Amino acid sequence: MKIVYSFVVDRSPKFFRQALNLVLSLKAVGVQSEDMFVNLTPPAEIYRAEFVRLGCTVVGSVLFGDKKYCNKVAQLRNAPSDADFVVCCDTDILFLRNIASDLVGQDDLVFGKIVDYNNPPIDKLRAVAALAPDLPEIPETLSDINCEPTLVGNFNGGLYILPGKHLRAISECWEAEALRLLDCEQSRAILAEFGWHTDQISFCFTLARLGLDYKVLPLSFNYPLHFPVPDHQVPDPSQLRIVHYHDSVDRNFLPKSDKVCRPNLRAHIQEAVETLKVMIYLDSDKRDRARTSESRFTFLVGFHRSGTSLLAAGCESVGYSIGNGELWAGTHENPKGYYENKRFVRLNEEILRKRNSDWDDIFFSFGDDADAIASQFKLPISTFLGHEYLCQPHPNYILKDPRIMQTYGIWRNTVRAMGHGTPEIVFTFRNPVECAESQQSRYRKSFAGDGDPFHFFGQDLRETLLLWYVYTVRFLATLEDERMIVVRYNDLISNPEACLTRISDWSGLAVRPDELATFSESFLDKGLRHHKRDLTDLKKATLEMPYVLTLYQQLEDLAGKPQIYKADIRKIVDTHTEPFADLLQHDFLGRLFSVPKQRWIHARHVAG
């Protein structure tokens with residue numbers, strides 16, 4: 001008996017992650033990769049190479065109807081004609097058992113599970129059905145969870161098991177019913193906010209119009225993990241086939257079972273998730289071995305308010321990829337965007353919270369906990385890099401978040417363990433007085449409004465100057481054998497073409513002339529530079545802390561070197577060993593960071 005599993009993947013990284021979980025869960029229960037049919041929407045074509053690598057059958061692109069909620073309707077066009085069954089899946093389900101034995105001898109039936117809740121409400125279903133006078137009368141039944149009236153055949157859209165002998169008829173009728181609903185103004189008005197159920201409703205009408213025999217599946221074939229199920233409806237663990245987790249996932253994008261009330265069922269699901277973890281590890285290892293020679297990671301490193309967002313945008317024009325994940329949108333402080341992957345930032349924040357710390361903690365140190373914290377984050381970091389970067393057919397990735405100055409060692413060691421060698425570093429710096437004044441401006445704007453505690457730090461310029469110093473020295477001390485280029489913020493502003501071409505020559509990537517011209521002429525806005533200071537200003541600001549001036553001048557020297565050696569970094573770090581040690585005990589720092597202030601910041605970090 002030939003059973004194929006078909007699903008649609010859209011552009012969002014969420015759907016790719018879900019699809020990866022689905023594929024690996026099917027592999028775990030013995031389904032062959034070539035029997036998994038992946039339908040990609042045009043924006044999701046970036047994932048094609050990854051599914052091909054997994055051995056799946058990746059078929060033509062699909063878009064249908066509204067091009068949003070009904071794309072699954074068109075996937076039957078791509079299903080093989082010789083299949084005994086086609087299992088149409090949403091990506092947010094996991095298979096806990098192979099369902100082949102459940103289908104033996106029933107190749108004339110359609111299988112589906114009645115909806116959990118009566119969505120859309122029965123009155124809307126009846127009103128929409130009435131718009132087609134030739135549609136056969138559809139009897140009522142009860143929804144699975146809340147036991148309210150719905151139509152027979154109103155199956156949960158996450159799983160349809162369709163007999164191959166009726167596939168063409170179902171495909172043609174399903175498309176016709178969906179288009180009828182989408183094109184009808186009355187139908188759209190009736191459904192209103194329930195319009196995203198159009199694919200589900202049109203399938204219900206297709207069953208009625210074709211008069212096909214069907215079998216209603218029990219809850220164990222699409223058991224929900226994202227809301228609690230009444231105890232009397234919970235199936236025996238031995239009956240569980242498929243779980244549906246929706247957005248109920250942990251930080252590694254693995255399904256959670258915290259809403260499952262019965263301990264034995266919860267343990268059964270957790271065992272399946274543990275199996276999925278193993279499958280992810282095995283697949284990651286295979287992928288990493290295959291890509292060791294072709295993929296590399298570069299970290300764009302620079303202190304807060306140093307122009308890292310601007311430089312990240314520029315790096316795209318010389319061939320770097322900033323990845324496929326969701327980025328932080330622009331704000332009044334950075335109107336053109338931060339070029340920071342949200343998950344990357346959140347992982348860094350989680351790492352810092354393990355030490356009850358945050359981005360503005362001048363006393364931050366991993367101390368003796370470095371290895372333990374690194375061990376805790378190996379899987380989250382590996383999963384993140386695999387899902388949001390290595391899924392793309394691109395060999396050069398660049399990641400940016402100023403917090404990397406604190407957490408870089410953990411990321412470097414994980415990237416090495418994944419088989420991608422030592423990351424490269426694009427390090428940028430700016431006159432620390434400008435950084436301090438920019439941060440002071442953030443503080444004033446924040447506390448002129450709602451008093452956002454995120455910007456509590458920096459009202460005294462010396463605070464940010466010291467933080468700049470501490471983080472820069474600590475980051476440099478973390479380096480081992482990394483290739484690094486040092487970039488002046490002033491060079492990026494004054495001559496972006498020359499600055500980015502220098503990065504291109506260093507990295508071996510090819511400049512994209514059109515993109516570089518667009519960046520220089522349209523993206524780069526020198527009017528957004530509100531703070532401009534020179535060396536004289538820095539000397540005045542650092543009279544009490546001359547080591548800050550020394551470090552800045554040493555970075556200036558590095559920026560002029562065509563190649564930076566380990567000895568160059570070691571020399572700088574050694575220069576600051578004594579002042580750095582004294583700094584943390586110095587009475588000046590103690591006076592600047594009063595005890596009440598230290599307690600206030602620490603409380604915020606713990607609460608965060």
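Helices here are DSSP runs of H or I with at least four residues, numbered from the N terminus. With that in hand, let us walk through this predicted model, starting with a few places where the backbone does something worth a second look.

Asparagine 356 lies in the loop that links helix H10 (342–353) to helix H11 (370–388). Although asparagine 356 is not a glycine, its phi is positive, at about 50°. Its relative accessibility is 35%, so asparagine 356 counts as partly exposed, given that this class lies between the limits of 20% for buried and 50% for exposed. Histidine 246 offers another case: phi is positive there too, about 55°, in a residue that is not a glycine. You will find histidine 246 in the loop between strand E12 (242–244) and helix H8 (263–291), and with a relative accessible area of 37% it is partly exposed. Proline 120 is worth a stop for another reason. The peptide bond leading from asparagine 119 into proline 120 is cis, with omega near -10°, and proline 120 sits in the loop between strand E6 (110–114) and helix H4 (122–130).

Now let us turn to a sheet. Four strands form an open sheet in the order E14-E13-E15-E16, paired in parallel. At its edges are strand E14 (396–400) and strand E16 (484–488), each of which pairs on one side only. On average, neighbouring strands of this sheet are turned by 20° against each other, ignoring direction. Strand E13 (residues 296–301) is joined to E14 by five bridges, and these two strands run parallel. To find your way along this pair, look for threonine 298, which stands opposite isoleucine 398 in E14. E15 and E16 are also paired in the parallel sense, over five bridges, and here valine 426 stands opposite isoleucine 485 in E16.

Is E16 enclosed or open to the outside? Four of its five residues are buried, so E16 is largely enclosed by the rest of the structure. Helix H9 (residues 308–316) lies across E13, E14, strand E15 (424–429) and E16, and runs at about 150° to E13.

What about the nonpolar interior? In soluble globular proteins, nonpolar side chains tend to be buried together. The largest nonpolar core in this model has 61 residues, and Phe299, Leu385, Trp411 and Phe427 have the most contacts inside it. Helix H14 (residues 461–478) gives the most to this core, contributing ten residues. Leucine 385 is a good residue to centre your view on: leaving aside residues up to four places away in sequence, it touches Phe297, Leu390, Leu399, Trp411, Val415 and Met418. There is also a second, separate core of 56 residues, which includes Leu20, Val31, Leu159 and Val260.

Finally, consider a helix pair. Helix H16 (residues 496–507) and helix H17 (residues 513–523) pack with their axes 10 Å apart, at an angle of about 140°. Why are H16 and H17 described as oblique to each other? Angles over 145 degrees would count as roughly antiparallel, and those from 65 to 115 as roughly perpendicular, and the angle of about 140° fits neither range, so H16 and H17 are oblique. Their crossing is right-handed. H16 brings Pro496, Glu497, Leu500 and Thr501 to the contact, while H17 brings Leu516, Phe519 and Ser520.

Technical notes. Residues numbered from 1 in each chain as written. Predicted model: local features only at pLDDT ≥ 70, side-chain atom pairs only at ≥ 80, totals over all residues. Heavy atoms only, no water. Buried < 20%, exposed > 50% of the residue type's maximum accessible area, 1.4 Å probe, protein only. Core = buried A, V, L, I, M, F, W, Y, C linked by side-chain atoms within 4.5 Å. Contact = heavy atoms within 4.5 Å. Pairing = 2+ DSSP bridges. Axes fitted to C-alpha atoms, helices over the stretch in contact; angles between N-to-C directions. Parallel < 35°, antiparallel > 145°, perpendicular 65-115°, else oblique. Left-handed = near helix turned anticlockwise from the far one by under 90°.
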